[in-house]
Amino acid sequence: MVKRQPNTHGGLVFSTAEGKLCPRCGHKVDECICRELADSVVPSGDGIVRLKRETKGRKGAGVTLITGICLNNPELKALAKELKKKCGSGGAVKDGTIELQGNVREQVQVILEKKGFKVKICGG
């Protein structure tokens with residue numbers, strides 16, 4: 001395996017010799033290390049999980065946003081899956097935030113407090 005420096009070749013994304021390349025690390029797409037590095041990063045916070053209801057940009061459909069959970073990406077996705085299952089709703093993980101469809105703040109608060117998180121409901 002060839003070790004490379006971070007992308008110093010000007011954002012090259014294709015090479016006739018190697019094929020498709022990752023624009024961040026410069027490795028072949030199959031050998032890209034960027035995703036592994038991103039999954040191992042744990043966001044920092046004040047230790048308080050905040051539950052917020054939001055309808056902005058969703059044509060009036062409400063969602064519950066869960067922020068402030070200090071878990072790395074795979075653990076966050078597993079928690080989101082568990083919450084979706086227990087609340088009976090859909091959702092997604094975007095930029096370290098869990099989005100659940102509908103106003104399920106009270107259910108999520110009970111579940112997260114049982115897991116040992118300090119939870120606050122904020123917003124309207």
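Visitor: Which residue follows H2, and what is the sign of its phi?
Guide: Welcome! H2 is followed by Gly88, whose phi is positive, near 70°. Please keep in mind that this is a predicted model.

Visitor: What makes the span of H2 close to the expected one?
Guide: H2 has 15 residues, and the expected span is 1.5 Å times one less than the number of residues, so 21 Å is expected. From its first C-alpha to its last, H2 reaches 21 Å, which is close to that value.

Visitor: Which residues of H2 are buried, and how do you know that they line one face?
Guide: The buried residues in H2 are Leu76, Leu79, Ala80, Leu83 and Cys87. Viewed down the helix axis, they fall within an arc of 105°, so they line one face. An α-helix has 3.6 residues a turn, so residues three or four places apart point the same way. Turned away from the buried side of H2 is a face with the exposed residues Lys81 and Lys85.

Visitor: What do the buried residues of H2 pack against?
Guide: They pack against S4, strand S5 (91-94), S6 and H3.

Visitor: Why is Lys86 called exposed?
Guide: Exposed means over 50% relative accessible area, and Lys86 has 53%, so the term applies. Lys86 also has its place in helix H2.

Visitor: Which residues have the most contacts inside the largest nonpolar core?
Guide: That core has 17 residues, and those with the most contacts inside it are Ile66, Ile69, Leu83, Ile98, Val108 and Leu112. At least two residues each come from strand S3 (48-54), helix H2 (73-87), strand S6 (97-101) and helix H3 (105-114). H2 gives the most, with five residues. Leaving aside neighbours within four places in sequence, Ile98 is in contact with residues including Leu76, Leu79, Ala80 and Leu83.

Visitor: Why is Thr64 called buried?
Guide: Buried means under 20% relative accessible area, and Thr64 has 0%, so it counts as buried. Thr64 is found in strand S4 (residues 63-67).

Visitor: What makes the pair formed by the side chain of Thr64 and the backbone nitrogen of Val104 close enough for a polar contact?
Guide: The cut-off on distance is 3.5 Å, and the Thr64 side chain reaches that nitrogen at 3.1 Å.

Visitor: Why is Cys70 called partly exposed?
Guide: Its relative accessible area is 34%, between the 20% and 50% limits, so Cys70 is partly exposed. Cys122, at 27%, counts as partly exposed too.

Visitor: How many disulfides does the structure hold?
Guide: Zero. A disulfide needs a pair of cysteine sulfur atoms within 2.5 Å, so zero disulfides means that no pair meets this cut-off.

Key:
Residues are numbered from 1 along each chain as its sequence is written. This is a predicted model: local features need pLDDT of at least 70, side-chain atom pairs count only at pLDDT 80 or more; totals for chains, interfaces and linings use all residues. Side-chain values use heavy atoms; hydrogens and water are left out. Helices (H or I, at least four residues) and strands (E, at least two) are DSSP runs, numbered from the N terminus. Buried means under 20% relative accessible area, exposed over 50%, partly exposed in between (1.4 Å probe, protein chains only). A polar contact is a pair of N or O atoms within 3.5 Å; within protein, one must be able to donate a hydrogen and the other to accept it, and residues adjacent in sequence count only if both atoms are side-chain atoms. A nonpolar core is a set of buried Ala, Val, Leu, Ile, Met, Phe, Trp, Tyr and Cys residues joined through side-chain atoms within 4.5 Å. Contact means heavy atoms within 4.5 Å. The arc is that of the directions from the helix axis to the C-beta atoms.
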